[in-house]
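Me: I'm new to this one, so could you walk me through it in plain questions and answers?

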Amino acid sequence: MLWDSFLKKSTRILLIEDDLTVLETTALALDTNGYKAIKAYNGKDGLDYAFKKDPALIILDVNLPDIDGWKILSTLREAPKTKAIPVIMLTTLTQLSDINRAFELGANDYLPKPLSLSKLFEKVTKYCPK
């Protein structure tokens, strides 16, 4: 039981999101449930953290102020260090073409905004089982 608790608490999840309300709410929910949320407010920081902090999972917004999520996803998938990290897209873009694009670029999953915490944890536990 102690080992399970250690593994759960050490699981780092990188959130790349420019909407501070969504970022802080999601980070708090993850931290409260024993995960370690790493917060990036923009694409540049998100890419930097992806390469330096070894997250177990990345939750990525598409619409960011500096680098769009599509470019970030492509960069993550091209790099040997990050290509295997699961990525969940979290975005207001819900057209079938956007969802298809996410999967074509290598996303593992897709969550629409507004965020449902129950759906979030359904996806998080799929890639970071307790």
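Me: Which residues are buried in α6?

Reply: This is a predicted model, so what follows is computed from it. To count as buried, a residue needs under 20% relative accessible area. In α6, the ones that are buried are Leu120, Phe121, Lys123 and Val124.

Me: How big an arc do they cover around the axis?

Reply: The buried residues Leu120, Phe121, Lys123 and Val124 belong to α6. They sit on the same side of α6, because the arc they cover around the axis is only 165°.

Me: And which exposed residues does the face turned away from the buried side of α6 carry?

Reply: Exposed takes over 50% relative accessible area. On the α6 face that points away from the buried side, the exposed residues are Ser118 and Lys126.

Me: What do the buried residues of α6 pack against?

Reply: Start with the buried set, which includes Leu120 and Phe121. The buried residues of α6 pack against one helix and several strands, namely α2, β1 (12-16), β3, β4 and β5.

Me: Let's switch to charges. How many residues apart are Asp61 and Lys113?

Reply: Side chains of opposite charge can pair when their charged atoms come close. Asp61 and Lys113 do meet in a salt bridge, at 3.4 Å from N to O. Asp61 is in the loop between β3 and α4, while Lys113 is in the loop between β5 (109-112) and α6 (117-127), so the pair links distant parts of the chain, 52 residues apart.

Me: Is Asp61 buried or exposed?

Reply: The cut-off for buried is under 20% relative accessible area. Asp61 has a relative accessible area of 3%, and its partner Lys113 has 17%. That makes Asp61 buried.

Me: Which residues are joined with Lys113 into one network?

Reply: We've seen Lys113 paired with Asp61. Salt bridges that share partners bring Glu17 in as well, so Lys113 is in one network with Asp61 and Glu17.

Me: What about Lys39 and Glu24: how far apart in sequence are the parts they tie together?

Reply: Lys39 and Glu24 form a salt bridge, with the closest N and O atoms 3.0 Å apart. Lys39 lies in strand β2 (residues 36-40) and Glu24 in helix α2 (residues 20-32), so the parts tied together are 15 residues apart in sequence.

Me: Is Lys81 buried or partly exposed?

Reply: Lys81 forms a salt bridge with Asp54, the closest N and O atoms being 2.9 Å apart. Asp54 has a relative accessible area of 41%. At 48% relative accessibility, Lys81 is partly exposed.

Key. Residues are numbered from 1 along each chain as its sequence is written. This is a predicted model: local features need pLDDT of at least 70, side-chain atom pairs count only at pLDDT 80 or more; totals for chains, interfaces and linings use all residues. Side-chain values use heavy atoms; hydrogens and water are left out. A salt bridge is a side-chain nitrogen of Lys or Arg within 4 Å of a carboxyl oxygen of Asp or Glu. Helices (H or I, at least four residues) and strands (E, at least two) are DSSP runs, numbered from the N terminus. Buried means under 20% relative accessible area, exposed over 50%, partly exposed in between (1.4 Å probe, protein chains only). The arc is that of the directions from the helix axis to the C-beta atoms. Contact means heavy atoms within 4.5 Å.
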